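Work through the following exercises with the sequence and the model side by side, and attempt each task before reading its solution.

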Amino acid sequence: MNMYKVCFADDEPIIFKVLNALVDWADVGCQIVGTATDGVEALSLYEKEKPDFIIIDIKMPLMVGLSCVKYIREKDKRVKIVLLTASDSFESAQEALNLGANGYLLKPVSRESINKIVSKITAELNQETSRAEESSSGSEELLLQKELQRLYGARKHGMAESQQTDPGKIRTH
């Protein structure tokens, strides 16, 4: 099983403890690689760690979570982003999804809601990893086939040349 790198960003550090307590991260194939308490720190953490999955608060000092999502999405379409919000406003959720978030969670976060979204995200990551591995093994197989065809073709071509008769060597009786 792959270990996916996860980062948390929230201006309330107690949220990190809550998220850690609600999910058995190692059991779902994830490793927490860092936390940030504001938007600027969140972007710095993203740049440093290149996580597979980020849980980020919508409202943080210095840079709001939605701006972080927009910035990260412009650089990285692959990373999974889940937004945390204390507001259950439809507009916030819709804006998050329009910017490329993979989901959102309402505070206070329940064990059921966080585990449901973490399962969804890790399943997507597993599927993408499998596709990438199949693709790379498929291209290795294709390269091997081409190399065999080239070698076989060269050998076959060489044999054909060696079997050709030189007109100067033909003797008549």
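The model shown is a predicted one, and three exercises on it follow.

**Exercise 1.** Determine whether aspartate 52 is buried or exposed, and describe its surroundings.

*Solution.* Begin with the location: aspartate 52 sits in the loop that connects helix 2 (39-49) with strand 3 (53-57). Next, take its relative accessibility, which is 15% and therefore makes aspartate 52 buried, the cut-off being under 20%. Then list the contacts beyond four places in sequence, which are Met3, Tyr4, Lys5, Arg78, Val79, Lys80 and Leu125. Finally, look for a polar partner: a polar atom of the aspartate 52 side chain lies 2.8 Å from the backbone nitrogen of lysine 5.

**Exercise 2.** Explain why the buried residues of helix 2 lie on the same side of the helix.

*Solution.* First identify the buried residues of helix 2, namely Gly39, Ala42, Leu43, Leu45, Tyr46 and Glu49. Because they span an arc of only 160° around the axis, they fall on the same side of helix 2. Then ask what covers them: the covering elements include strand 1 (4-9), strand 2 (30-36), strand 3 and helix 3 (65-75).

**Exercise 3.** Establish the strand order of the sheet and find which strands form its edges.

*Solution.* The sheet is open and consists of 5 strands in the order 2-1-3-4-5, with parallel pairing. Its edges are strand 2 and strand 5 (103-106), each of which pairs on one side only. Strand 5 pairs with strand 4 (residues 80-85) in the parallel sense over 4 bridges, and leucine 84 stands opposite leucine 105 in strand 5. As a last step, place helix 3, which lies across strand 3 and strand 4 and runs at about 175° to strand 4.

Terms used:
Residues numbered from 1 in each chain as written. Predicted model: local features only at pLDDT ≥ 70, side-chain atom pairs only at ≥ 80, totals over all residues. Heavy atoms only, no water. Helix = DSSP H or I, 4+ residues; strand = E, 2+ residues; numbered from the N terminus. Buried < 20%, exposed > 50% of the residue type's maximum accessible area, 1.4 Å probe, protein only. Polar contact = N/O pair within 3.5 Å; in protein donor to acceptor, adjacent residues only side chain to side chain. Contact = heavy atoms within 4.5 Å. Arc of directions from axis to C-beta. Pairing = 2+ DSSP bridges. Axes fitted to C-alpha atoms, helices over the stretch in contact; angles between N-to-C directions.
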